[in-house]
Amino acid sequence: MRIGDSLPEWHVEATPTFVISTALATRDFQDVHHDRDLAIQRGSKDIFINILTTTGLVQRYVTDWAGPEALVRQVNIRLGAPCYAYDTLKFFGQVIEREEQDLTIEVVGRTDHGDHVTGTVKIEVPA
Amino acid sequence: MIDVEKEAARIAEQGESAPRLARDPVNLPMINNWLEAIGDQHPGYTEVAPPAMVQVWTMAGLHGQRTLDDPLGAMMKILDEAGFTSVVATNSDQTYHRYLKVGEHVSVTTSLEDVTGPKKTALGEGWFVTTRSTWYVGDEPVAEMRFRVLKFRPAEKPAPRPEVPKAQAIRPAINRDTEYFWEGCRNEELRIQRCGGCGLLRHPPGPMCPECGATKPKYLVSDGRGVVYSYVVHHHPQVPGKQTPFVIALVELDEGVRMLGELEGEPSIGLPVEVVFTKVDEELTMPSWRPRADR
């Protein structure tokens, strides 16, 4: 794991079931995450993924790559375009810093509408 | 008229809200529901929770009400009254001091860190509201979060895309190494740098031959024909003087060097193309590619 190493590209199919089950599993009951009629009424195209799920996906993307021994210390994310039901969310990542056992990984999650999430994850890996 | 900044200062001065206890202690059924929904097969979450779940433990729930001293709720109410009725989360920066163990019962406090605005955004005019939350187990801080939302007044209709006048097109940086190339374009000649020492053809131009080290480059005039070696379709961001999407192709010329340029029409690898020159003004003529008629 060195500076410049890329994470394998990862695709998440944001089916309505995925959007709703993750919203409920993160205890987020805002209607725009499970009720399409209300989401459209509020000016959205469809229901969309909630921010707690995006944080969870970013963490999973990094730990799937780094392995279960890696400890997650920080997840910093910035949201852009919403990830709607039926979107494919494509993750890309790269190691941008390494200081001994502390790594910083830059992550981008993108749909056809643009960047849904950009951020960094700090992890600590075993020596 | 509501003075948003004054109200924000008042709420910020109140400092941290009283600790609010999570509905449940950290527990395996909720962890497993989360792992199942996210699709995370990490084997390590049997005695500790995924760190990214920290906010989940203290979510208000289906019938949740904000507590009276919750600074985010108070700020949202003020901005609602000021006409900024819509909200979207923009940033979440979470720091985990340690992993939470099953059975631990967290509480959370929140303070108002910053309110900035009014700012013009793509969604409409609005205020960025930043809060800082700290999760505790007993007196021990275990995680922190900076959370930012945009509270905005929805735009009547989406702002029209700004028109980019052609005169603002990005111009090449022309120097002594590249002047011959642009002079060639003005004369509708596609020039390829050729080493004055060993004769090697090279592009893009440079001062010294990578093969023999000679510093007296010459050029030959290409017949301007080649095939598409690779290409990208550029959608975003907007480029001055261009309508998106457009195609940038890397063309392998018959002479053997590769050259970048815009391609008109449908791109494909191996597509036979020829050069076309477009005069921007007296100073600048741009080469680009078009499919060959005789392909």
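Two strands count as paired when DSSP finds at least two bridges between them. Keep that in mind for the exercises below, which work on a predicted model.

**Exercise 1. Find the strand pairing that links the two chains, and name the partner of Gln74(A).**

Step 1. Start with β2(A), which covers residues 71-79, and look across to strand β2 of chain B, residues 86-96.

Step 2. Count the bridges: 5 join these two strands. The cut-off is at least two, so β2(A) and β2(B) pair.

Step 3. Check the direction: the two strands run antiparallel.

Step 4. Now pick out Gln74(A): its bridge partner in β2(B) is Thr95(B).

**Exercise 2. Describe how helix α1 of chain A packs on helix α2 of chain B.**

Step 1. Locate the helices: α1(A) spans residues 16-25, and α2(B) spans residues 28-38.

Step 2. Take the geometry. The axes lie 9 Å apart, at an angle of about 155 degrees. Angles over 145 degrees count as roughly antiparallel, so α1(A) is roughly antiparallel to α2(B).

Step 3. Add the handedness: this crossing is left-handed.

Step 4. List who meets whom. From α1(A) come Ser21(A), Thr22(A) and Ala25(A), and facing them in α2(B) are Asn33(B), Trp34(B), Ala37(B) and Ile38(B). Sorted by class, this contact holds 4 nonpolar and 3 polar residues, with no charged ones.

**Exercise 3. Work out the make-up of the side of chain A that touches chain B.**

Step 1. Begin with the totals: 26 residues of chain A contact 26 residues of chain B.

Step 2. Ask which elements of chain A give two or more residues to this side; they are α1, α3 (51-66) and β2 (71-79).

Step 3. Divide the residues of this side by class: 10 are nonpolar, 11 polar and 5 charged.

**Exercise 4. Summarise the fold of chain A.**

Step 1. Tally the elements: chain A has 3 helices and 5 strands.

Step 2. Put them in sequence order, which gives β-α-α-α-β-β-β-β.

Step 3. Turn to burial: 43% of the 127 residues of chain A count as buried.

Step 4. Look at contacts between residues at least 6 apart in sequence; 63% of these in chain A join residues at least 24 apart.

**Exercise 5. Characterise the hairpin formed by β12(B) and β13(B).**

Step 1. Find the strands at residues 272-279 and 285-291 of chain B; 7 bridges join them, and they run antiparallel.

Step 2. Note the link: 5 residues lie between the two strands of this hairpin.

Step 3. Identify a facing pair: Lys279(B) in chain B stands opposite Thr285(B) in β13(B).

Key
Residues are numbered from 1 along each chain as its sequence is written. Chains are lettered from A and ligands numbered from 1 in the order in which they are written. This is a predicted model: local features need pLDDT of at least 70, side-chain atom pairs count only at pLDDT 80 or more; totals for chains, interfaces and linings use all residues. Axes are lines fitted to C-alpha atoms, for helices over the stretch in contact, and angles run from 0 to 180 degrees between N-to-C directions. Helices (H or I, at least four residues) and strands (E, at least two) are DSSP runs, numbered from the N terminus. Angles under 35 degrees count as roughly parallel, over 145 as roughly antiparallel, 65 to 115 as roughly perpendicular and the rest as oblique. A crossing is left-handed if the near helix is turned anticlockwise from the far one by less than a right angle, and right-handed if clockwise. Two residues are in contact if their C-beta atoms, placed from the backbone, lie within 7 Å. Ala, Val, Leu, Ile, Met, Phe, Trp, Tyr, Cys and Pro count as nonpolar, Asp, Glu, Lys and Arg as charged, and the others, Gly among them, as polar. A residue is buried if 20 or more other C-beta atoms lie within 10 Å of its own, exposed if 12 or fewer, and partly exposed in between; C-beta atoms are placed from the backbone.
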